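Work through the exercises below with the sequence and the model open. Each task is followed by a solution in steps.

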Amino acid sequence: MTFRTRLLLVSSLTVAGAVALVSGGVSAAARRAFDRIAQERWKGVLDQFQREVELQYREVEDKVERAAAAPAVLQIAVEANKPEPDFSTFVDEARAQADAQALDFFDILQPDFTIISSAAAPARFGYRSDWLIAPEDAAVTTPFLTGVPGDNGSAVAFAAVRVVSAGDKSILVAGARKLDPAFLASLGVAPGMRAMLWLASGDVMDAAGPVANSQKLAGLLDTIRRTRQQVSATVQWTGDRASAESVVALPLVHRGNLLGALLVGTSLREQVLLERAILWTGAGVGGAGILLGVLMGFWTTLRVTRPVAQLVSGVEAVACGDWSTRVRVQSGDEIGQLADAFNKMTEQLIEQRDRAIQAERVAAWRELARRLAHELKNPLFPLQITIENLQRAREQHPDQFDDVFRESTATLLTELQNLKTIVGQFSDFAKMPKPEFEAVDASALVREVMKLFEAQFHAEGRPAIEPVLELAGGGVQISADPLQLSRALRNLVLNAMDAMPEGGTLRVRTEARDGMVRIAVSDSGQGLSEEECARLFTPYYTTKRHGTGLGLAIVQSVVSDHHGRISATGEPGRGATFMIELPPRSEV
Amino acid sequence: MRPTVSRSIAAVSCLLAATALEAARRPHYGGTLRIEVSGAIGSLDPADMPTDPAEAALKENIVREVFNNAGATGPFRVANWEPMKALALEANEQFQGGRPYLDRVEIHMGRSPRDQALDFELGRADVIELPPSDLRRAQQQGGHTSESAPCRVIALVFNGRREDLDRLRQALALTIDRPAIRNVLLQRQGEISGALLPAWLSGYEFLFPAGRDVARAKELATLAAPLSFAWDSQDALLRSIAERIVVNAAEAGLTLRPTAGSQADARLVVLRIASDDAGDALKALGGAAASDPLKLYEAERALIESRRMVPLFQLPIAYEMGSNVHAWTTGPTGNWRLEDVWLESARP
């Protein structure tokens, strides 16, 4: 990953992270605000519920009081004091009183709670009342919340009980008004809220009637059944999260019996919609921020990385050998300082290179002078001796002078020839022409070179050399100058023959492998040490007594001109191998 | 002299007033009798007898008054006929038994008990039907009432193919608190009975058990599935009795589920005793013809078993009349005798 990409990524992530943090923070703050408002509303509804309950209590109390004072009820009380009371004619009286007082439930009871007349269950005369009331309820004058069974399950109702006496014996009247949708509507909850009533029978209603999907409240209701304490939960009515309500449940308990629960639901719709708006806004702002960040980052990184890129280009150019490269950076910051340092460094490198070249040239001239002196000194010494012999023979043995003269001139010519040869080799090395490439079969070329040396391999007076050719079948095509490459191969063969004065095996192998054409010349001669292998291609280095040290340097020069490389391997006493690697024809 | 004349005038006046009063209390001709009934008929054809007991009784009464017996002309003739709504009869001057006292009889049909009571209170009706539950109140308030002998049977009829139906029929019969229903809902009217034919007609009614045994009923109803239960929802008395039966059944652990369908497992129905002859009455109910009391008993028992019935109560038919209506009699099976009725102060 490039520095520019990293910089872009970091700037984009920074923008996105910042937007996400802001969105999350705003959402959390909004949620807390909504929760606080819901809490306040819930308290308001609870207060209103308490007030409405008190109001209902007073109403029910008044109604039951009035019913208890009705003449017909008093007549029943009188009947109760007769020796054999007959309540049969009063069987419909409770219904009449319930209608008159607008009560949902009204029962006229004997002291043992046997029903004399029941408005809601007229057929239950003679049976005991199944309201959730106890003798203690008849003793207290305050109304209470109770459960009243009905045909469609139990109802929760505001109830009051009064004792009606007309003698020694008395009767009870119990009236109640159930908590119904009308009561829930009277709570007047704030917009976005609703009051619901869960009855122990399982019904759930709100001000509009039965609540759909009330099974969603099952978890909350299970908790309230278990704990009988105020609990709250979030209920999602449909698949849409905006349908969720935060529901607080207040249990309604009478004498230890859980009658039901008042449920106050606060719609989370506005909260969810706001959170969605924040989310979408955050996403939009984040997206725009990321885009802007990318653009800004791109612009910024362009400004920042352009000098760096220039530096990189400069370094790469230097690495490729162009030491004259300069980086133009105008800024005065660290990048500018780095560019200046780079420029200074390249200048110093050039200076050092020039100095090194100069030193190498001096060293090379010295080496050349040394080699020339050495090479020229060898023939000069016999020349000097021969000439001194001629002078001595002329002065001391004039009679033998002719013979000495002939011998001496022959020697002089021989040494002069050696001098010419030495000068010629130096001249050849200096005059190495550029190769003229053409398609060449490396195996065929090897075969031709080896043919030149066939006579010498088996020449009389010297140990025989066994040539072994291991040439790649079908030929190996390269682009080469056949004359130069042939010369190089001849040099290698001559070296190999020189390395085998006692005879041996000369093995030449060609092959195409790993995208290169290899020509290996191996001998079984005296071998090379590791140091010799390393220095072998240095000009004027030789391991032979009469060598100029230019043969292998010429070979390396030829191979290099053919875009190849040459290496030497071997061990003392185990022969040596020279390996030429050249590119195949198409790659030249 | 003057006191003597004054006394004489006063005496004559008293005599004339007494004479007029006496004359008003004697049967006399004239007037229109207005009767309101809950049933309604759509035809006056004697051969087309309704299945509803109340309507059948009404039609029998009308047919008897118009056609008398065997096609002979009755005491009244049809003056106006509005099927299912109203019938006006006028006196038949040529009636063999002599002209009836009443000039005209107006029978308004299809009137609900509430409308009948309202019209009676407002003086728009002279004779109305009286539910048994209101008979006691009317009598206590000094009203003029007339009732037949028990001639209607309230019974449970079971239907369906449930294997446990006979067991549950027995359980339900044992769980119903008949005395409570009679004392409270029927206001002590009618008779508790386990038979179809009333005691006054058969004489052996007591042989059919009508007792209560909740413990036994619980045993019989153990693990029983709910029974569907139906009744005529328009009949307030039937409804109250049915609701009480539901409560009684629940006491024995038997659940009755009210339903409106005619295919209910159990139905609370009213059967009519159509004749004052036991054999004819049983035959009319669907039993076998018999004249011997023993055979009649066996036939009735067989009818109850075959029809899976549980007779509960025998009820009379009752009417309330205005104080100006005289000589109204209700026969043992609820039949009228309008030719004897006269109005104290006949309206023009």
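**Exercise 1. Strand pairing in chain A**

Determine how E4(A) and strand E5 (residues 170–178) of chain A pair, and over how many bridges.

Step 1. E4(A) and E5(A) run antiparallel and share nine bridges. Strands here are DSSP runs of E with at least two residues, helices are runs of H or I with at least four, and both are numbered from the N terminus. Two strands pair if DSSP finds at least two bridges between them.

Step 2. One bridge to locate is that of Ala157(A), whose partner in E5(A) is Lys178(A).

Step 3. The connection from E4(A) to E5(A) is a hairpin of four residues.

Step 4. E4(A), residues 153–165, also pairs with strand E3 (residues 144–150) of chain A, in the antiparallel sense and over seven bridges. Across from Leu145(A), in E4(A), stands Phe158(A).

A note on conventions: this is a predicted model, in which local features need pLDDT of at least 70 and side-chain atom pairs count only at pLDDT 80 or more, while totals for chains, interfaces and linings use all residues. Residues are numbered from 1 along each chain as its sequence is written, and chains are lettered from A and ligands numbered from 1 in the order in which they are written.

**Exercise 2. The setting of Ile115(A)**

Decide whether Ile115(A) is buried or exposed.

Step 1. Find Ile115(A) in strand E2 (residues 115–118) of chain A.

Step 2. Count neighbours: 24 other C-beta atoms lie within 10 Å of Ile115(A), so the residue is buried. The cut-offs are 20 or more for buried, 12 or fewer for exposed, and partly exposed in between, with C-beta atoms placed from the backbone.

Step 3. Leaving out residues up to four places away in sequence, Ile115(A) touches several residues, among them Asp107(A), Leu109(A), Phe125(A) and Tyr127(A). Contact means that the C-beta atoms, placed from the backbone, lie within 7 Å.

Step 4. Arg128(A) is 13 residues from Ile115(A) in sequence, with a C-alpha to C-alpha distance of 5.7 Å.

**Exercise 3. The chain B side of the interface**

Find which helix of chain B gives the most residues to the side that touches chain A.

Step 1. The interface brings 10 residues of chain B into contact with nine residues of chain A.

Step 2. Helices H6 (178–185) and H9 (236–251) of chain B each supply at least two residues of that side.

Step 3. H9(B) gives the most, with five residues.

Step 4. For confidence, the predictor assigns the complex an ipTM of 0.78 and a pTM of 0.60.

Key:
Two residues are in contact if their C-beta atoms, placed from the backbone, lie within 7 Å.
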